[in-house]
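User: Could you walk me through reading a chain interface and a few backbone angles? I'd like the general idea before each case.

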Amino acid sequence: MSAPILETRQLSKTFGGVKAIDRIDFSLAPGELRCLIGPNGAGKSTFFKMLTGQHRPDGGQVLLNGQDITAAAAHEIGRLGIGIKNQIPDVFDGLSVAENLTLAARFILPKAAAARKVAEVLARVQLEPMAGRLVGELAHGQRQWVEIAMVVAREPILVLLDEPSAGMSVEETARTAELIREINREATVVAVEHNMQFIRSIASRVTVFHRGRILVEENVDKALSDRRVRDVYLGRSAA
Amino acid sequence: MTFLSAQGLTSGYGRIRVLDGLSLEVEEGAFVGILGHNGMGKTTAMRALMGFLPAGKGSVHFGGRDITRLKPFQRNRLGLGYVPQGRQILPALSVWENLRAGALAAGLSVQEEERWVAEVVEFFPRLKPLLKRPGGALSGGEQQLLALARCLCGGPRLLLLDEPTEGIQPSIVEEIAERLLQLKAASSLTVVAAEQNLGFIRTLAERVLILRRGRILHRLEPADLTDPALAAEFVAM
Amino acid sequence: MAILTTVGLMAVPSFYDFAVQYDISKIFVLALLALSMSFLWGYVGILSLGQTAMFGLGGYVYAIVAMNSVDTATAALIGIVCPTLFSAVLGYFLIWGRIGDIYFSVITLAVTLILEKAIRATSGDRFVIGKVRLNGQNGIPGVPSLEIPWEAKATLFIDGVYYLTAAVLILVYVGLRLTLTTGFGQVLVGLRENRRRVELLGYDSRHYCLGAFVLAGAVAGLAGVLFAVWGNFVGPSLFDLDRAAQIVIWVIVGGRMTLAGPILGTALVVTLTTWLGTQGVGQVTLALGAMLTLFVLLFKKGLLPTLSELLSAVARWAASRRAAR
C-alpha cells in the first residue's frame with residue numbers, strides 16, 4: 001500500500017471537559033474516496049476542522065503527505081491543497097456565483113486562466129444559469145454546490161466534504177454523488193454523510209466515529225451491517 | 001376545517017419573485033409534507049407563511065384570521081411555530097436557556113415555565129445530558145433536536161418545519177418522527193414540513209405537496225412516493 | 001456621469017467666489033477622510049474609529065516639516081509617509097494579535113484620543129521641534145500652503161487649493177475603485193463576506209487586512225496634509241472625538257457600502273452643520289444627532305444606495321408603462 005496522503009496520530013480535542021476527539025489514528029490512501037459516518041456529536045465535524053486549521057488540536061499530530069501540519073494556520077493548510085466544504089456553507093453571500101469562484105481560482109491562476117477555470121467549474125456543477133446571481137439569494141442546496149465548486153476551483157489534492165447532500169432532493173443528491181466521483185478522479189475525498197443510499201453510491205470504505213473515537217473501519221456493506229453501528233447510529237430501520 | 005391557508009401568495013427577495021401564486025390549505029391536526037428541488041421556493045414559502053418575508057399579492061389565513069400583514073412574533077403568539085433551516089440556536093446560551101427562551105412568549109411564571117420546559121425535555125431525553133452545554137457547542141444534529149424542542153416550548157398549535165432531518169443521523173430521524181407522531185396523537189398538533197427525506201415524509205405525512213417554481217404543482221398521497229414511476233416523475237423531476 | 005461631475009467641479013471657481021471655493025475645498029478634504037473609513041468599513045468589514053489619528057498625524061507632520069524651511073512638496077510627502085508607517089505598525093499589532101472586531105474599533109479610537117491628549121500636553125517652550133513650537137491646546141498657526149513648483153516663491157491660493165483638493169479627491173476615488181477590481185481588492189471584499197472562507201482558500205487574511213488598513217491610513221494622512229494646506233493651521237482637534245464621531249455620521253448618511261456615498265454624505269452633513277451654525281440654532285450637535293437617527297431609520301443602506309434603488313424602480317416603472325402601451 002502506498003504511503004498515506006493524510007494521517008492523524010493520537011489526535012485529540014476537548015471542549016469544556018468533553019472529549020470531542022479522543023486519540024484518533026486515521027489514515028487515508030491517495031486517491032481514496034472515504035465516507036465518515038457516526039452519530040450526531042461523534043466528532044466528525046470537529047475532526048474536519050482540526051484537519052483544516054479551524055480548530056487547534058490539544059494533542060496528537062496531523063500529517064499531510066508526511067509533513068506535520070498540526071500547528072499550521074487555516075490559510076497555510078489551504079495553500080497545501082486541502083479544500084473543505086463546511087457543514088454550514090461558508091460562501092461569500094454578497095458576491096455573485098462567478099465572483100465566488102473567481103476568488104477561489106485566482107489564488108492559483110492568473111486572471112485569464114482563472115476565468116477559464118471558473119467557466120469550466122460552473123459547467124461541471126451546472127451552475128451556469130446562476131453565474132450572475134448573488135449567492136445569498138440562492139437556496140440552501142445551491143449554496144452547497146457553490147461551496148463545492150469553490151473547493152474544486154482551487155484544484156485541491158484532498159477534499160473534505162461535510163454533509164454534501166444535506167438539503168438536496170433525490171435527484172440533486174444523485175447529481176452530487178456523480179460530482180463527487182468526478183472530483184475523486186483528481187483528488188482524494190473524505191465525505192461526512194448521513195444518507196445511507198448516498199454513501200453506498202460513492203464510497204467503498206467507511207469509517208464510523210462514535211464519541212470521539214473510531215468505532216469501526218470497514219468496507220461499506222460490512223460497516224453498515226455491523227451490530228454496533230446499528231445500535232449507536234442507524235437504528236431499527238436498517239434492520 | 002381549514003386551519004392554515006394561503007391564497008395566491010407571492011413573495012421573494014427584492015426584485016426576485018420566488019413564490020408565484022402559492023395556494024395551499026392545511027386542516028387542523030394534519031401533517032403536510034412539501035417536496036421540491038432546491039430553489040423551487042420551499043424555504044421562501046416557510047418564511048412567507050411565518051411573515052419573515054412580506055407578501056406581495058395574496059393572503060395567509062390562520063385559525064380563521066387574516067394574518068397576511070402580521071409580524072412574525074405576532075404570528076408566533078397566535079400559535080405558529082417555526083423551526084428554520086440552519087436551526088438558529090442561540091450559541092452562547094446553554095441548552096436549558098435556549099429552551100427557556102422558547103417558552104418566554106407564553107408569558108408563564110418562572111415556576112410554571114421551568115416545569116413546562118422540564119416536561120419538554122422529558123420528551124427529548126437525548127437533550128437531558130446536554131442541558132448545561134452552550135448551544136453553539138452542540139453538533140449539528142443535536143442543534144436540530146434543540147431547535148425543535150425549543151419551538152415546542154412555545155406551545156405552538158401549528159409547526160412549520162424547514163428540513164427537520166437535514167444532517168441528522170438515521171436513528172434520531174426515527175426518533176423525531178416518533179415524537180411528532182406522539183404529539184399529533186396527543187394534542188392534534190398540525191405540522192407543515194418541507195423535507196427532502198422521502199422516508200420521513202412517507203412515515204408522517206397524510207398529504208404531500210410538490211412545489212415547483214413557487215407554486216404547488218401537484219398533490220400526492222404518501223403511498224405514491226413508494227411508486228417508483230410516480231416518485232421519479234414528481235420528486236426526482 | 002463621472003465626467004460631468006468632474007467638469008462641473010472644475011468649473012466652480014469660474015462662477016463662485018473664494019468663500020464658496022474655500023468651503024467646498026474643506027468638504028473635499030473631509031470627504032477623503034470619510035473615504036478612508038468607508039473603504040475599510042464597507043468593503044473590508046473593518047470599522048476603524050481612529051482614522052483621525054492618521055489624519056492628525058498627516059497634518060502635524062506636514063506643518064512641522066514645512067515650517068522648518070523644507071520645501072513644501074517634500075513636507076507633504078513626509079506628511080503622507082509618516083501616518084502610513086504609523087498605520088502599518090499599529091495595524092500589525094492589532095491584526096497579528098487577532099483581536100476581535102469590536103476591540104479593533106475601540107483600540108483605534110483610543111489611539112486617536114491618546115494622540116489628542118499628547119498633543120494637548122505640549123504647551124510651553126519645552127516642546128519645540130526644530131523651529132516649530134507645538135503650542136499644545138492652541139495648535140500651530142501659519143502653516144504654509146503648498147509652493148507652486150513652476151513659480152518662484154508663490155504658494156497656492158484659495159482657488160489653487162480648490163483645484164488641488166478636487167483633483168486629489170477624484171484621483172483617490174478612482175484609485176480606490178480600481179483597487180477593488182484587482183485581485184487584491186476582490187480578496188478584501190471576500191474578507192468582508194466571509195473571513196473563514198478566504199483563509200480556507202489559502203489567502204492569509206492578515207496580509208490583506210493590513211494592506212487595506214495601511215492604504216486607508218495613507219489616504220487619511222493625505223487628507224490631513226491637505227487639511228493643513230487648506231486651513232494654514234493644525235490643532236489637537238484634528239484628532240478629537242468630535243471629528244472621529246462625525247466621520248461615522250458622514251459615512252452612514254451617505255451609505256457605507258459605496259465609495260461615492262460617503263463623499264455625498266460628507267458634503268451634505270458638513271453643509272448642513274455650517275448652515276445650522278449660521279441659523280443660530282445653538283444645538284447643532286443635537287440637530288445632527290436627530291438627523292442621523294432619522295437617516296438610520298429611513299435609509300437603512302444610506303442615501304446613495306437608496307437613491308439609486310429609487311431611480312431604478314422609477315426606470316422599471318417607466319419601462320413597464322411603455323411596454324403596456
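Analyst: Happy to! A polar contact is a pair of N or O atoms within 3.5 Å, where within protein one must be able to donate a hydrogen and the other to accept it. Keep in mind that this is a predicted model.

User: How many residue pairs are in polar contact across the interface of chain A and chain B?

Analyst: The rule finds 15 such pairs, with both residues at pLDDT 80 or more. Salt bridges across this interface number zero.

User: Which helices of chain A supply at least two residues each to the side that touches chain B?

Analyst: Those are H5 (140–153), H6 (170–186) and H9 (227–234). With four residues, H5(A) gives the largest share of that side. Sorted by class, the side of chain A holds 13 polar, ten nonpolar and six charged residues.

User: What is the area buried between chain A and chain B?

Analyst: It is about 2,200 Å², and carbon and sulfur atoms give 49% of that. In contact there are 29 residues of chain A and 27 residues of chain B.

User: Now the backbone: what sign of phi should I expect?

Analyst: Most residues other than glycine have a negative phi. Here, Arg23(A) has a positive phi of about 50 degrees, and this residue lies in strand S2 (residues 18–28) of chain A. Glu155(A) also has a positive phi of about 50 degrees; its place is the loop between H5 and strand S7 (158–162) of chain A.

User: Why do Arg23(A) and Glu155(A) count as partly exposed?

Analyst: Partly exposed runs between the cut-offs of 20% and 50% relative accessible area. Arg23(A) counts as partly exposed because its relative accessibility is 41%, and Glu155(A) does so because its value is 46%.

Key:
Residues numbered from 1 in each chain as written. Chains lettered and ligands numbered in written order. Predicted model: local features only at pLDDT ≥ 70, side-chain atom pairs only at ≥ 80, totals over all residues. Heavy atoms only, no water. Contact = heavy atoms within 4.5 Å. Buried area = accessible area lost by both parts, 1.4 Å probe. Salt bridge = Lys/Arg side-chain N within 4 Å of Asp/Glu carboxyl O. Polar contact = N/O pair within 3.5 Å; in protein donor to acceptor, adjacent residues only side chain to side chain. Nonpolar A, V, L, I, M, F, W, Y, C, P; charged D, E, K, R; others polar. Buried < 20%, exposed > 50% of the residue type's maximum accessible area, 1.4 Å probe, protein only.
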